[in-house]
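Q: Please take a close look at one part of this model, the surroundings of ligand 1. I would like the contacts, the pocket and the metal site in one connected account.

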Amino acid sequence: MLLLGIETSCDDTATAVVENGRRVRASVSTNQDAFHAKYGGIVPEIASRQHVALLSAAVEDALDRAGTTLADIDGIAVTRGPGLIGSLVVGVAAAKALAFAIGKPLYGVNHLHGHIFAAFLDRDDVPQYPFLALLVSGGHSQLVEVESATRMRIIGRTKDDAAGEAYDKTARLLGLGFPGGPALDKLAKSGNAQAIAFPRHRADPGSLDMSFSGLKTAVRYYLESDEGACADRSDVAASFQAAVVDVLMQRLDAAFERKAYTSVVLSGGVAANSALQGALREWGLRNGVPAFVPPPKYCTDNAAMIAAAADHQGEAVRVDAMTLSADPNLPFELSMGSR
Ligand code: KG4
Ligand code: ZN
């Protein structure tokens, strides 16, 4: 099955052509960073307008690069939520029109499920169910028990900031501009992760929840202190990063103490982080658990993961091309009511 994927939930205008939910024939992402950078964050109105301006060309580009045409596409997969409403509606409207025009099925995908299925892209071995997904993005940080392509539930989540949000806010404190995560990752490479003992959030007994806002505040207080004022910024970045990774790996340990999953999947934009990727691979080797860490291009928002999710979830996410609507607060769990 050859699916055309469309993802416009935030600020990336992304399209892709994916075969059988695994092989990426083309993945195109038009980054809008240049339009948002001067505001220090994503401006929803600008994101939405840029999607309108870029999406048609992005669809054509993906088809061209895949060496195919709409006539050979078996269906359209689109992100229906969660995300920015003004951004989501652009992708949803385009997908509905395309599916209607070519008379092929339309699949409405949850963006977060997409991140999980990024682990199935362009590789020979795939995660076996039930697996545990550590989903860390700009808006979410959660541990997900994935029993099958359509049965998944959140077993731990952040109580405040998402990991990506903490990265972005800390990067701003360090004067790193926007988007902050990749810049902080780079700066941390030359720093000493043991230089500053930032706090690690401890979960309540029996809980897998996490918190990152205290860490971000600790970095702010440190930078305002006499010691912090003359500290090496790369040491601050590396020490902050070590604290984030420690908290995430601790929750992973705790989840596996409860249940022996067959594998672990790292997903979401923060999964592109080099320290986290390294820690998860190492954790997998140490514990004899296969660890699936997608390449950075499939960790951050992309449309190949949306097409992959649609392929795996099939009829459960098939929607009507005339009536599908975007849902900025789409619930995580699939239910028949979500169609
Ligand atoms: O999944 P994503 O592309 O968009 C959302 O759905 O939120 O995630 C974006 C987040 C941003 O907070 C960005 O700073 C973070 O992922 N990020 C990183 C890295 N690359 C992207 N954080 C840390 N290290 C990275 N290399
Ligand atoms: Zn995302």
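**Ligand 1 and the zinc ion**

A: An oxygen atom of ligand 1 lies 3.0 Å from a backbone N or O atom of Gly-269. The model is a predicted one, in which local features need pLDDT of at least 70 and side-chain atom pairs count only at pLDDT 80 or more, while totals for chains, interfaces and linings use all residues. Residues are numbered from 1 along each chain as its sequence is written, chains are lettered from A and ligands numbered from 1 in the order in which they are written, and side-chain values use heavy atoms, with hydrogens and water left out.

Side chains also approach ligand 1. A polar side-chain atom of His-115 is 3.0 Å from an oxygen atom of the ligand, and an N or O atom in the side chain of Asn-273 is 3.0 Å from one of its nitrogen atoms. Taken alone, ligand 1 exposes 550 Å², and the protein buries 87% of that (areas by the Shrake-Rupley method with a 1.4 Å probe).

The shell around ligand 1 holds 17 residues, the closest being His-115, Gly-138, Asp-168, Asp-185 and Asn-273; a residue counts if one of its heavy atoms lies within 4 Å. The space that ligand 1 takes is the largest pocket. A pocket here is an open set of points, on a 1 Å grid over the protein atoms alone, where a 1.4 Å probe fits, with protein on both sides within 12 Å along at least five of seven lines; lining residues have an atom within 4 Å of a point. A molecule sits in it if more than half of its atoms lie within 2 Å of its grid points. Helices H4, H5 (163–173) and H6 (180–188) each give two or more residues to the shell; helices are DSSP runs (H or I) of at least four residues, numbered from the N terminus.

His-115 also belongs to the metal site. The zinc ion (ligand 2) is coordinated by His-111 (NE2), His-115 (NE2) and Asp-301 (OD) at 2.0 to 2.1 Å. Donors are N, O and S atoms within 2.8 Å of the metal (3.2 Å for Na, K and Ca); water is not among the atoms, so sites may look incomplete. The donor spacing in sequence is H-x3-H-x185-D. His-115, in helix H4 (residues 111–117), and Asp-301, in the loop between helix H11 (296–299) and helix H12 (304–313), are 186 residues apart and link distant parts of the chain. Both His-115 and Asp-301 are buried, meaning under 20% relative accessible area (1.4 Å probe, protein chains only).

Conventions:
Buried < 20%, exposed > 50% of the residue type's maximum accessible area, 1.4 Å probe, protein only. Polar contact = N/O pair within 3.5 Å; in protein donor to acceptor, adjacent residues only side chain to side chain.
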